[in-house]
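Here is a short tour for anyone meeting this structure for the first time. Have a look at the picture, and then we'll walk through it piece by piece.

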Amino acid sequence: MKRIFNVGLIGFGLSGRVFQAPFLTLVEGFVLKKIRSTSEENIQIARARYPQAQIVGHVNDIFQDESIDLVIVASSSYTHFELAKEALLAGKHVVVEKPFTTTTAEADELIQLAKDRQRTLTAFQNRRWDSDFKTVRKVIESGLLGNLVEYEAHFDRFRNFLKPNTWKEEDLPGSGMLYDLGSHLIDQALCLFGLPKELSCDLRIQREGGRVIDNFRLVLQYPALRVTLRAGMLVREAGPRYTLLGDQGSFLKFGLDVQEETLVAGILPTDKPDEEWGKEPEELWGRLNTDYKGMHLVGKIESEQGHYKGYFQNLYNALIGEEELEVKPEQARNIIRVIELAIKSSQEQRTVTFE
């Protein structure tokens, strides 16, 4: 029999409802036992989708339940540290939605606490399992482009107004695009290339009346490679999501992984055959133009299948000791360090050394 891990989910907004619960419950061995939510609309959705789960109104209903093995913190960013710390002190394994914390000091404290308590701690960097990123990673590792000299990744949106009644538009710790979408872009870059030698960043508030960063341009410098990460809220006509330039050729990838759009539309992974979930249409396949082993190759590269189930399957396998944890807490901590240095670079208008 599979070992069972009872799960308590704190938060049932976009993260918990759309990106986490539908995939957690696909993994045999995870049982969603409790959901903490105070939104009546979300409570009704939770009851309909997960009738086996108890809906609770306070985090202590999860922390004090000795049958809960794993806590997922999917609440507002500024609450991540305190809730993750409470969960670890209660003896639980912990998944923290990105951003992992708001400072590296907080991240270091959580990592040490998890070691002391001998508990697994990780961050929800699910976009390592995006179709487009998996494809980009495969192209880089294949050597098709020769020596990579430039990598640019975008995570753009278009919303020229301030969204009402949300903490994400308030000047709170962990708010703004650098912490939000930037966490994904930085994580992907560090997965591919490791820690940079130095970095520079330009942070802006572009929407009228805005109080949080809604545009950034972050450049990570490596010995023979420049990595540019960009995101903005005023991008109505999107360019390439990924641009890869090598000394033998180029690869351009347009469009965003289809899982988010599918999930927001209310379609769950259980509504499609597993082999069809996260498959990109041909019009989103990336374009390759390169010389490789004496051949000039021009055409499309079929996108890899995206599936966020992979995150939770790896987590389960790591908990039972069968796999190495993919998203290590130290990696999540390094993302926050990059963000801290990016803020410093923007404030001081200079390039800073990674340290």
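Is Glu 150 buried or exposed? Before the answer, one thing to keep in mind: what you see is a predicted model. In that model Glu 150 comes out as buried, because its relative accessible area is 16% and the cut-off for buried is under 20%.

**Around Glu 150**

Glu 150 sits in strand β7, which covers residues 148-154. Its side chain makes a polar contact with the side chain of Arg 226, at 3.0 Å. Leaving out residues up to four places away in sequence, Glu 150 touches Leu 225, Arg 226, Thr 228, Thr 243, Leu 244 and Leu 245. So Arg 226 shows up twice here: as a polar partner of the Glu 150 side chain, and in the list of residues that Glu 150 touches, with the burial of Glu 150 given by that 16%.

Leu 245 is worth following too, as it is the bridge partner of Glu 150 in β11. That takes us from a single residue to a whole sheet.

**The sheet**

Strands of a sheet pair through backbone hydrogen bonds, either parallel or antiparallel. In this model, an open sheet of nine strands runs in the order β14-β13-β12-β11-β7-β10-β9-β8-β15, and the pairing is mixed. At the edges are β14 and β15 (352-353), each of which pairs on one side only.

Start with β11, residues 242-246. Four of its five residues are buried, so β11 is largely enclosed by the rest of the structure. On one hand, β11 pairs with β7 in the antiparallel sense over five bridges. On the other, four bridges join β11 to β12 (residues 249-253), and these two strands also run antiparallel. A hairpin through two residues takes the chain from β11 to β12. Leu 245 stands opposite Ser 250 in β12, and Leu 245 is also the β11 bridge partner of Glu 150.

Now hop to β15. Strand β8 (residues 198-204) pairs with β15 in the antiparallel sense, over two bridges. There, Leu 199 has Val 352 of β15 as its bridge partner. Helix α10 (residues 329-348) lies across β8, β9 (215-222) and β15, and it runs at about 70° to β8.

**A buried aspartate**

Which helix holds Asp 132? Asp 132 is found in α6, residues 131-142. At 0% relative accessibility, Asp 132 counts as buried, since the cut-off is under 20%. A polar atom of its side chain lies 3.3 Å from the backbone nitrogen of Asp 257. If you skip its neighbours within four places in sequence, Asp 132 is in contact with Arg 241, Tyr 242, Lys 253, Gly 255, Leu 256, Asp 257 and Glu 280. That list includes Tyr 242 and Lys 253; β11 covers residues 242-246, and β12 covers residues 249-253.

**Some backbone details in the loops**

Two residues that are not glycine have a positive phi, and here they are side by side.

| Residue | Phi | Loop | Relative accessible area |
|---|---|---|---|
| Gln 118 | near 55° | between α5 and β6 (121-124) | 67% |
| Lys 293 | about 50° | between β13 (286-292) and β14 (295-301) | 70% |

Are Gln 118 and Lys 293 buried or exposed? Gln 118 is exposed, because its relative accessible area is 67%, where exposed means over 50%. Lys 293 is exposed as well, at 70%.

There is also a cis peptide bond, which joins Lys 98 and Pro 99 with omega at about -5°. Pro 99 lies in the loop between β5 (93-97) and α5 (104-117).

**Stepping back**

How many helices and strands are there in the protein chain? There are 10 helices and 15 strands. The C-alpha trace spans about 60 × 50 × 40 Å along its principal axes. A compact globule of 355 residues would have a radius of gyration near 20 Å, and the protein chain agrees with that, at 20 Å.

Of the 355 residues, 52% count as buried. Among contacts between residues at least 6 apart in sequence, 71% join residues at least 24 apart. As for the outside, the protein chain exposes about 16,200 Å², with carbon and sulfur atoms supplying 45% of it.

Conventions:
Residues are numbered from 1 along each chain as its sequence is written. This is a predicted model: local features need pLDDT of at least 70, side-chain atom pairs count only at pLDDT 80 or more; totals for chains, interfaces and linings use all residues. Side-chain values use heavy atoms; hydrogens and water are left out. Buried means under 20% relative accessible area, exposed over 50%, partly exposed in between (1.4 Å probe, protein chains only). Two strands pair if DSSP finds at least two bridges between them. Contact means heavy atoms within 4.5 Å. Axes are lines fitted to C-alpha atoms, for helices over the stretch in contact, and angles run from 0 to 180 degrees between N-to-C directions. A polar contact is a pair of N or O atoms within 3.5 Å; within protein, one must be able to donate a hydrogen and the other to accept it, and residues adjacent in sequence count only if both atoms are side-chain atoms. The radius of gyration is taken over C-alpha atoms; the globule rule is 2.2 Å times the number of residues to the power 0.38. Accessible areas come from the Shrake-Rupley method with a 1.4 Å probe; for residues, only the protein chains shown count as cover.
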